[in-house]
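Hi,

Here is the structure I promised to pass on. Have a look at it first, and then read my notes underneath.

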Amino acid sequence: MLHINCPFCGLRAQKEFAYGGDATVKRPELNKEVSKEEWDNFVYMRKSPRGKHIELWHHISGCRQWFKVQRDTATHEIFKTAKMSEEIV
Amino acid sequence: MQKYSVFSLIKNAFSDHQNWEVAWKDPTPKSEYDVVIIGGGGHGLATAYYLAKEHNITNVAVIEKGWIGGGNVGRNTTIIRSNFLYDANARFNEFGMDLWRNLSQELNFNVMFSPRGIINLAHSDAQMNAYARRGNSMRLNGIDAKLLNRDEVKKLIPMADFSDEVRFPIFGGLMQPSAGTARHDGVAWGYARQADSMGVDIIQHCEVEGFDVEGGKIKGVRTSKGVIKAKKVGLCVAGSTNILAEKLNMTLPIETHLLQACVSEPVKPVLDGVVTFGAGHFYISQSDKGEMVMGGDLDGYNSYAQRGNLPTIQHVLTGGLALFPFLSRLKMLRTWGGIMDMSMDGSPIIDKTHIEGLYLNCGWCYGGFKSTPVSGWTFAHTIAQDRLHELNADLTLNRFSNGYLLDEKGLGTKTWIS
């Protein structure tokens, strides 16, 4: 079981959370001409690295906030968690 | 190559089985091949076999990071079926069913293909309607499908929970009687042995470190056993697709996730075919040894771990117990995990790439085993002829940007949602 440090509630068990996928994909800007490639990259294309991955999690059975997690996809080690407004570098 | 038969078995019994020929050699890689297949799993070995058999291309190497058959072909739940809604998937996999039926004879290796049927259970009227639609679609593609009512299901699986108190009562189900299971390791070994006998080099413990691409053309692969030149290279690496794509500076519509499976202690025959629970994600069959083979959801987050997390197993088996209460008395023998190349519409990709001579076979999600023969067959055709066969004409890489998705389950791009 993963233990995830919710930036709002502290360390909780994985069962309280839902996964939200890659946090680094950016939705194309609104009210602008969007090329086919930009839409493809946003909707379908994923790096899915082996190693450090910045991803979204949802504390669905807790405070119901979305936040970012930096996790190793091979070892499941969690390095950092951050609020949506914060950057993980 | 030594032919396997009852006579060779008796003959070798006299020498205490000490004089069997090796099933495949352990060659050192040549400096150049016509085709290099990366990935010595079921799909890679099948591709090499059909390249040699159907297209007479025998100057082929299969290179494998670990040992052949050590990845998903040795980790799956061995289910073989073609009960698909969409034409492209149905035709593709039904062609595969024909290959499965002859496979043991063709490979002179008993892959123990056992067509005992698969039942997808329905737990609501809406689900029955959806299954009627899928069954009709299957029959239009020449695949056997039977819509079963509650009583017919009860006759086939009387040990399921048919009581009145159950939360998800069984309304009926969709059955494909010709579906079944096979001995998964045997499939890899059978293909390896035949490919080897036709001159294919199977090179194990040889990891790909990079690719040589010049002027938009593939020239070879750099491996832990040196540079291997190749006119054509085929990628058949399932859960490692994203890792190799990164070395090629390609981004693919694929996420890598982990799927677990488990088996119970062996018991006497209780379940004939394969059964899937319709109100949760759970499927079960009984192996020839008597173990109940079970699986279900992905672990639910990107993973390359090849080992799973207990909450998922608990969740999957909760569904299992709701369907088959007798499972609660069984001890779990083992659980394991494998990494899945989850495509963004749930269907595979067998296609050429923007690099000349580089071919891609990926996106099998958690259903690659059943397609092993047809995947190898069509991929070999694609590599040998440098064009897609009509069977994989829709399994293209650009279907995502063109909007011709094959979203069998209507799940969209969130592959971890079950």
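Below is what I found, starting with the ground rules.

This is a predicted model, so local features need pLDDT of at least 70 and side-chain atom pairs count only at pLDDT 80 or more, while totals for chains, interfaces and linings use all residues. Residues are numbered from 1 along each chain as its sequence is written, and chains are lettered from A, ligands numbered from 1, in the order in which they are written.

**Confidence in chain A**

pLDDT is the predictor's confidence in each residue, on a scale from 0 to 100. Chain A averages 95, with 100% of its residues at 70 or more. Of its elements, strand β5(A) (residues 66-72) has the highest mean, 98, and α1(A) the lowest, 92. Element names follow DSSP runs, numbered from the N terminus: helices are H or I with at least four residues, strands are E with at least two.

**The big sheet in chain B**

Chain B has an open sheet of eight strands, in the order β5-β6-β4-β13-β14-β15-β12-β16, with mixed pairing. Two strands count as paired if DSSP finds at least two bridges between them. The edges are β5(B) (146-149) and β16(B) (332-343), each pairing on one side only. On average, neighbouring strands are turned by 25 degrees against each other, direction ignored. Axes here are lines fitted to C-alpha atoms (for helices, over the stretch in contact), and angles run from 0 to 180 degrees between N-to-C directions.

I'd start with β14(B), residues 282-286. Five of its five residues are buried, where buried means 20 or more other C-beta atoms within 10 Å of the residue's own, exposed means 12 or fewer, and partly exposed is in between, with C-beta atoms placed from the backbone. In a regular strand the side chains alternate between the two faces of the sheet. Here B:Phe282, B:Ile284 and B:Gln286 point one way, B:Tyr283 and B:Ser285 the other.

What are the partners of β14(B)? On one hand there is β13(B) (residues 274-277), antiparallel over three bridges, with B:Phe277 opposite B:Phe282 and a hairpin of four residues joining the two strands. There is also β15(B) (residues 292-302), antiparallel over five bridges, where B:Met294 stands opposite B:Ile284. The β14(B)-β15(B) hairpin has five residues between the strands, and B:Gly290 in it takes a positive phi near 105 degrees.

Elsewhere in the sheet, β4(B) (residues 118-122) and β6(B) (residues 172-176) pair in the antiparallel sense over five bridges, and B:Leu121 has B:Gly173 as its bridge partner. Helix α8(B) (residues 310-323) lies across β12(B), β13(B), β14(B), β15(B) and β16(B), at about 140 degrees to β15(B).

**Two domains in chain B**

The domain assignment gives domain 1 (26-109 + 183-253 + 345-402) and domain 2 (118-180 + 256-343); such bounds come from an automatic or database assignment. Their centres, taken over C-alpha atoms, are 28 Å apart. The contact takes 30 residues from domain 1 and 28 from domain 2, with two residues in contact if their C-beta atoms, placed from the backbone, lie within 7 Å. On the domain 1 side, α3(B) gives the largest share, five residues. That side divides into 13 nonpolar, eleven polar and six charged residues. Nonpolar covers Ala, Val, Leu, Ile, Met, Phe, Trp, Tyr, Cys and Pro; charged covers Asp, Glu, Lys and Arg; the others, Gly among them, are polar.

**Where A meets B**

Between the chains, 19 residues of chain A and 23 of chain B make the contact. On the chain A side, α1(A) gives the most, with three residues. By class, that side has six nonpolar, six polar and seven charged residues.

**A few single residues**

Most residues other than glycine have a negative phi, but two asparagines are worth a look. A:Asn31 has phi near 55 degrees and sits in the loop between β3(A) and α1(A). A:Asn31 is exposed because it has just 5 other C-beta atoms within 10 Å. B:Asn108 has a positive phi of about 50 degrees and lies in the loop between α3(B) and β4(B); with 15 C-beta neighbours inside 10 Å, B:Asn108 counts as partly exposed.

Cheers
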